[in-house]
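Take a look at the model below. We will walk through it step by step.

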Amino acid sequence: MDLLKFLKNNLFVQNLVGNIISFTPPYLELSIAKYLAIKKALFVTAHDATYGSYLEFGVFTGSSFTFAMKANKKIEKIFGKIDCEFIGFDSFKGFGEIEKGDENPSFKSEKFFVDEKKILKNIEKCGKGQKLRIIKGFYKDTIKNKTTTDLKIDKSRVIMIDCDLKESTHLALEFIKPSIQEGTIILFDDYNYFKGNKDKGEYAAFSNFRKKYPEILFRKIFDFAYSGEAFIACKIS
Ligand SMILES: C[S@@+](CC[C@H](N)C(=O)[O-])C[C@H]1O[C@@H](n2cnc3c(N)ncnc32)[C@H](O)[C@@H]1O
């Protein structure tokens with residue numbers, strides 16, 4: 001009996017599969033997919049000897065940040081010890097003032113207020129034995145008009161941009177510019193939100209950055225989670 005005929009006569013199969021997939025909470029699915037993207041980026045960079053720091057803009061509870069440190073330990077078992085500092089940037093109090101063009105029903109500052117002491121303690125615990133730094137504060141105070149050189153960050157290996165808004169992403173990209181090398185991977189977690197509007201969100205900030213600095217060529221390497229896209233700096237002239 002062919003599969004299509006079997007499915008037509010046994011609708012419980014489609015019901016069962018639908019039930020299982022819809023039962024999985026979206027945030028769980030999304031987090032797993034984000035973890036896999038980070039692991040993939042760490043693997044690819046280790047494979048090609050793209051050494052440098054892991055930078056994360058938007059730490060929140062530290063879920064993806066602590067995962068990156070854990071995943072790197074496993075990757076070091078394959079490729080050997082890698083000198084990689086993990087550096088996270090967050091206010092732990094949301095976005096601060098949100099510009100008109102950055103307003104979105106799901107990106108509200110209150111949602112991102114966290115018990116900073118508890119989060120930092122957990123990050124320290126998970127990052128035992130790894131080099132790590134947390135740069136606490138709003139980006140307008142911590143990274144605006146600064147670059148990685150000011151914070152003694154040399155080259156970047158993987159950069160996770162998970163700060164949702166166009167303005168925050170713009171500040172992050174200007175900050176990291178000197179650290180980008182051939183092989184640096186940038187993961188944008190919220191690339192396709194804002195109804196696909198080309199003038200909004202992480203998409204707009206990155207497209208302005210690429211226009212402003214055409215000497216850095218990027219190539220898209222994969223999609224991830226619900227709204228994420230990953231790029232590699234493939235040529236710097
Ligand atoms: C979606 S959450 C990050 C989620 C995290 N990567 C994870 O996987 O658990 C976004 C974070 O970005 C931070 N953020 C966004 N814009 C910021 C800014 N301008 N200054 C400081 N923090 C900012 C917010 O405080 C929030 O914690």
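**Inside the sheet**

Start with one pair of residues: Y54 sits opposite V158, a residue of strand 4. Keep in mind that this model is predicted.

Now widen the view to the strands. Strand 1 covers residues 53–57, and strand 4 covers residues 156–161. The two run parallel, and five bridges join them.

Both belong to an open sheet of seven strands. Read across it and the order is 3-2-1-4-5-7-6. The pairing is mixed. What stands at the edges? Strand 3 (131–136) and strand 6 (216–224) do. Each has a single partner strand, so one side of each is left without a neighbour in the sheet. On average, neighbouring strands of this sheet are turned by 15° against each other, direction ignored.

A helix joins the picture. Helix 3, residues 26–47, packs on the sheet. Helix 3 touches strand 4, strand 5 (185–188), strand 6 and strand 7. Its direction makes about 170° with that of strand 5.

Next, follow strand 7 (228–236) to the segment after it, where S237 lies. Is S237 buried or exposed? S237 has 6 other C-beta atoms within 10 Å, and 12 or fewer count as exposed, so S237 is exposed. S237 and E215 are 22 residues apart in sequence. In space, their C-alpha atoms are 5.2 Å apart.

Finally, turn to the ligand. How many residues surround it? There are 20, and the closest are G58, F60, S63, S64 and S168. By class, this shell has eight nonpolar, eight polar and four charged residues.

Notes. Residues numbered from 1 in each chain as written. Predicted model: local features only at pLDDT ≥ 70, side-chain atom pairs only at ≥ 80, totals over all residues. Helix = DSSP H or I, 4+ residues; strand = E, 2+ residues; numbered from the N terminus. Buried ≥ 20, exposed ≤ 12 C-beta atoms within 10 Å, placed from the backbone. Near = placed C-beta within 6 Å. Nonpolar A, V, L, I, M, F, W, Y, C, P; charged D, E, K, R; others polar. Pairing = 2+ DSSP bridges. Axes fitted to C-alpha atoms, helices over the stretch in contact; angles between N-to-C directions. Contact = placed C-beta atoms within 7 Å.
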